[in-house]
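Please open the model in your viewer and keep the sequence alongside, since this tour moves from one selection to the next.

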Amino acid sequence: MRHCCAFKALDIYYLKETNLYISRKLSFGFCPICSKPVAELYQVRFDGVSDFRSVSGIKADLMVNALKSEILYSMRECNYRKFKIKPYGWKYGVNKAVKIKGTERIRQYAYDFYGNKEIIKTV
Ligand SMILES: [Zn+2]
């Protein structure tokens, strides 16, 4: 995203297609220099012409509000689903010894590199 400088979007929303536009994406973030909210809408018209709009300040809030009902899902939500529910991607096993009712048991966990774990079995 761009305002006083280039910066990373706080979130990206994927919007529903309309009769006129496809591949619709709305980015939202705050400019790190002037701290104004910035919204960027990118969409492709049915005839292949891409349409890009960038607004800041109150207009950014208005644009996000106006498009709210057309949001299918957000990047954040998508990442959250991918990474927080179950270990994602490359996993490694960790065995932990625990005492259950005085006997030692081994709990096997699958860990991923995002800090998520899932218990596989207790031996
Ligand atoms: Zn700025």
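Is Ser 69 buried or exposed? Select Ser 69, bearing in mind that the model is a predicted one, and look at its surroundings: with 8 other C-beta atoms within 10 Å, Ser 69 falls under the limit of 12 or fewer that the term requires, and therefore it counts as exposed. Ser 69 is found in the loop that runs between helix H1 and strand E5 (71–74). Now add Lys 16 to the selection: Lys 16 and Ser 69 are 53 residues apart in sequence, yet from C-alpha to C-alpha they are 9.0 Å apart in space.

Next, step back to the whole protein chain, which holds two helices and eight strands and which, when read along the sequence, follows the pattern β-β-β-β-α-β-α-β-β-β. Of its 123 residues, 11% are buried, and among the contacts between residues at least 6 apart in sequence, 38% join residues at least 24 apart.

Now colour the strands E1 to E5, which form an open sheet of five strands in the order E4-E3-E2-E1-E5, with antiparallel pairing. Strand E4 (50–56) and E5 are the edge strands of this sheet, each of them pairing on one side only, and the twist from one strand to the next averages 20°.

Begin the walk across the sheet with E1, covering residues 11–15, and E2, covering residues 21–30. E1 and E2 pair in the antiparallel sense over four bridges, and a hairpin joins E1 to E2 through five residues. To follow this pairing by eye, select Asp 11, which stands opposite Phe 28 in E2, and then Ile 12, whose bridge partner in E2 is Ser 27.

On its way to the edge of the sheet, the tour turns to E1 and E5, which run antiparallel and are joined by three bridges. Select Tyr 14 here, and you will find Tyr 73 of E5 standing opposite.

Return to E2 and select E3 (37–45) with it: these two strands run antiparallel and are joined by eight bridges. Lys 25 stands opposite Tyr 42 in E3, and the two strands form a hairpin with six residues between them, where Ser 35 in the turn has a positive phi of about 55°.

Which strands does H1 lie across? Show H1, residues 58–67, and you will see that this helix lies across E1, E2, E3, E4 and E5, running at about 50° to E3.

For the last selection, show the side chains of Tyr 13, Leu 15, Leu 26, Phe 28, Val 38, Ala 39, Leu 41, Ala 60 and Met 63, the nine residues that make up the largest nonpolar core. The elements that give two or more residues to this core are E1, E2, E3 and H1, and E3 gives the most, with three residues. In a regular strand the side chains alternate between the two faces of the sheet. Finish by centring the view on Ala 60, a member of this core: leaving aside residues up to four places away in sequence, Ala 60 touches Pro 37, Val 38, Ala 39 and Val 55.

Terms used. Residues numbered from 1 in each chain as written. Predicted model: local features only at pLDDT ≥ 70, side-chain atom pairs only at ≥ 80, totals over all residues. Core = buried A, V, L, I, M, F, W, Y, C linked by C-beta atoms within 7 Å. Buried ≥ 20, exposed ≤ 12 C-beta atoms within 10 Å, placed from the backbone. Contact = placed C-beta atoms within 7 Å. Pairing = 2+ DSSP bridges. Axes fitted to C-alpha atoms, helices over the stretch in contact; angles between N-to-C directions.
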